Amino acid sequence: MVHPAENTVAAEVVVEQVDMESKEATEIRCQEKSRGGLSYEVILAEPAPNVTIPKKPVTPGKNVSAEEIEQKLKAAEERRISLEQKKMADLTYKLAKIEEATRKKDEITNEFINQTKEQLESKMEQHVEKREAIISDLKEKLKIHSQEIEKTREQLEQQKYIEKIAIEEKLKTAQTLRDENIKKMLERLKEHERRAELVRQNKAAAQQPLSEDNAAPIASSG
């Protein structure tokens, strides 16, 4: 019986009574729960089917023969060997399972590594192709730019040469005009001096007394 002072108490009592005359059994169950929440349950029912009453082991008497003991020892040894074999079989099965799982894991890992490697190689190839395409495009653009620069340089050189020729022609024309102007100025100066000399001669002749016989002719200014 469980004392009511305990906080948690669970007890189950099963009593089977067999009536020798009627061959019927009565099953009584009693359950006591924690303090403050007591509950009792009594069940009267037919006994559960296929209930076997355990038999008491037969203890060997003093008159057991050596042959029986040897047979029992042999049977015990066979049971032990059978148990060891079963254990070995179970261990072998578990090891085989572990090896199979390891093999599958290695296959999955290798497959993942191969797929990852292929993906990386594919990405690297695409990256290289893209980089080469970019470099090729840049080279083509630089080539076109260089050609344009060269063309512009040639145009500038040609323009510079044309301007140089034009400047030289202008300088030559200017020099010719200057020489002609200087020549004309010199001729004018000479004519002016000639006329001035005639004027002086006429003036000097006019100041001297003239005789009838020695009359000198006066040069015209023309």
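**Fold, surface and confidence of the predicted chain**

In this predicted model, residues 24 or more positions apart account for 16% of the contacts with a separation of 6 or more in the chain. The secondary structure consists of 1 helix and 2 strands, and the order of these elements along the sequence is β-β-α. The helix, H1, spans residues 66-207, and strand E1 covers residues 12-18. Of the 222 residues, 3% count as buried. The accessible surface of the chain amounts to about 21,500 Å², and carbon and sulfur atoms contribute 56% of that area.

Confidence varies along the chain. The mean pLDDT is 75, and 65% of the residues reach 70 or more. Among the elements of the chain, H1 has the highest mean pLDDT, at 90, whereas strand E1 has the lowest, at 39. Over residues 1-28 the pLDDT is below 50; this stretch nevertheless has 46 contacts in the model beyond near neighbours in sequence. Where pLDDT is low, the predicted coordinates should not be read in detail. A further stretch, residues 211-216, also has pLDDT under 50, and for these residues the model shows 0 contacts beyond four places in sequence.

A search of the whole structure returned 10 salt bridges. One of them joins Lys-86 to Asp-90, with 3.3 Å between the closest N and O atoms. These two residues are 4 positions apart in helix H1, so about one helical turn separates Lys-86 from Asp-90. Asp-90 has a relative accessible area of 35% and is therefore classed as partly exposed, the range for that class lying between 20% and 50%.

A second pair in H1 is formed by Glu-191 and Arg-194, whose closest N and O atoms are 2.4 Å apart. Here the spacing is 3 residues, again about one turn of the helix. Both partners are partly exposed, Glu-191 with a relative accessible area of 28% and Arg-194 with 39%. Elsewhere, salt bridges that share partners link Glu-100, Arg-103 and Glu-107 into one network.

The salt bridge between Arg-178 and Asp-179 has a distance of 3.9 Å between the closest N and O atoms, which falls within the 4 Å limit applied to such pairs. The relative accessibility of Arg-178 is 42%, which places this residue in the partly exposed class. Asp-179, at 37% relative accessibility, is likewise partly exposed.

Nonpolar side chains also contribute to the surface. Met-88, Leu-91, Leu-95 and Ile-98 form a nonpolar patch with about 380 Å² of accessible area together. Of this group, Met-88 was examined individually: Met-88 lies in helix H1 and is partly exposed, with a relative accessible area of 49%. This value is over the 30% required of patch residues, but does not exceed the 50% above which a residue counts as exposed.

Terms used: Residues numbered from 1 in each chain as written. Predicted model: local features only at pLDDT ≥ 70, side-chain atom pairs only at ≥ 80, totals over all residues. Heavy atoms only, no water. Buried < 20%, exposed > 50% of the residue type's maximum accessible area, 1.4 Å probe, protein only. Contact = heavy atoms within 4.5 Å. Areas by Shrake-Rupley, 256 points an atom, 1.4 Å probe, with all protein chains shown as cover. Patch = residues over 30% accessible without salt bridge, like charges linked within 9 Å, V, L, I, M, F, W, Y side chains within 5 Å. pLDDT = per-residue confidence, 0-100.
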